[in-house]
Amino acid sequence: MSKVPLTVKGAEKLREELHRLKTVDRPWVIGAIAEARAHGDLSENAEYDAAKERQGFIEGRIQEVEGKLSHAQIIDPKLLDADGRCVFGATLDLEDQDTGDAVTYQIVGEDEADIKGGKISVNSPIARALIGKYAGDIAQVQAPGGIREYEVIDVRYE
């Protein structure tokens, strides 16, 4: 498996999720299965089936998160020296050339992406168009509604 890029904050969030899954969710579902077993006939026990399904989801998610953390390449944006270029972890102030709207995005790993929180995946079309650009450059992004142009106003590593 190849390296999975993550910011320091993204890796911490995955570690917190893994801790919660192992210390809260897993014991809870084990208790739910035991309680459902106590109700008798398992062949017609919907509570048991639901608890077993939930257990499968939790165990699968634990494996997924552990795999991502074991293959993570953790990048601290504060330690980057990219000479003002747009790179993974950078926070960018952009201006939409059509509307004049200002937006701020941070380029992050796939698991950290949250467009409402201003975090875009490094694999998204907009991030791919921005990588390597400097302040003052114009990036053309192929969007569903056509080509959009964004001017890079500022690049920060925070």
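Which side chain meets that of Arg20 in a salt bridge? In this predicted model, the partner is Asp25, with N and O 3.4 Å apart. The two ends of this contact don't sit in the same kind of surroundings. Arg20 has 39% relative accessibility, so it counts as partly exposed. Asp25, at 14%, falls under the 20% cut-off and therefore counts as buried.

That pair is one piece of a longer list, as the structure holds 12 salt bridges. Another one brings together the side chains of Lys68 and Glu64, at 3.1 Å from N to O. Both residues belong to helix H2, and they're four residues apart, which is about one turn of the helix. Lys68 comes out as buried, because its relative accessibility is 14%. Glu64, on the other hand, is partly exposed, its relative accessible area being 37%. These two residues also take part in something bigger than a pair: Glu17, Arg61, Glu64, Lys68 and Asp111 are linked in a network of salt bridges.

Next come the helices themselves. Helix H1 covers residues 8-38 and helix H2 covers residues 46-70, and their axes come within 9 Å of each other, crossing at roughly 160°. An angle over 145 degrees counts as roughly antiparallel, so that's the label H1 and H2 get. As for handedness, H1 passes H2 in a left-handed crossing. And what sort of residues make up the contact of H1 with H2? There are 16 nonpolar residues and 13 charged ones, plus one polar residue.

The strands have their own story, and S7 (residues 146-156) turns up in two pairings. On one hand, S7 runs antiparallel to strand S3 (residues 91-96), and six bridges join them. Within this pairing, Leu92 stands opposite Val155 of S7. On the other hand, S7 pairs with strand S6 (residues 138-143), again in the antiparallel sense and over six bridges. Here Gln140 has Glu149 in S7 as its bridge partner. Getting from S6 to S7 takes just a hairpin, with two residues making the link.

One last salt bridge picks up where S7 ends, at residue 156. Arg156 forms a salt bridge with Glu158, and the closest N and O atoms are 2.9 Å apart. Arg156 counts as partly exposed because its relative accessibility is 25%. Glu158 is partly exposed too, with a relative accessible area of 46%.

Definitions and conventions: Residues numbered from 1 in each chain as written. Predicted model: local features only at pLDDT ≥ 70, side-chain atom pairs only at ≥ 80, totals over all residues. Heavy atoms only, no water. Pairing = 2+ DSSP bridges. Axes fitted to C-alpha atoms, helices over the stretch in contact; angles between N-to-C directions. Parallel < 35°, antiparallel > 145°, perpendicular 65-115°, else oblique. Left-handed = near helix turned anticlockwise from the far one by under 90°. Nonpolar A, V, L, I, M, F, W, Y, C, P; charged D, E, K, R; others polar. Salt bridge = Lys/Arg side-chain N within 4 Å of Asp/Glu carboxyl O. Buried < 20%, exposed > 50% of the residue type's maximum accessible area, 1.4 Å probe, protein only.
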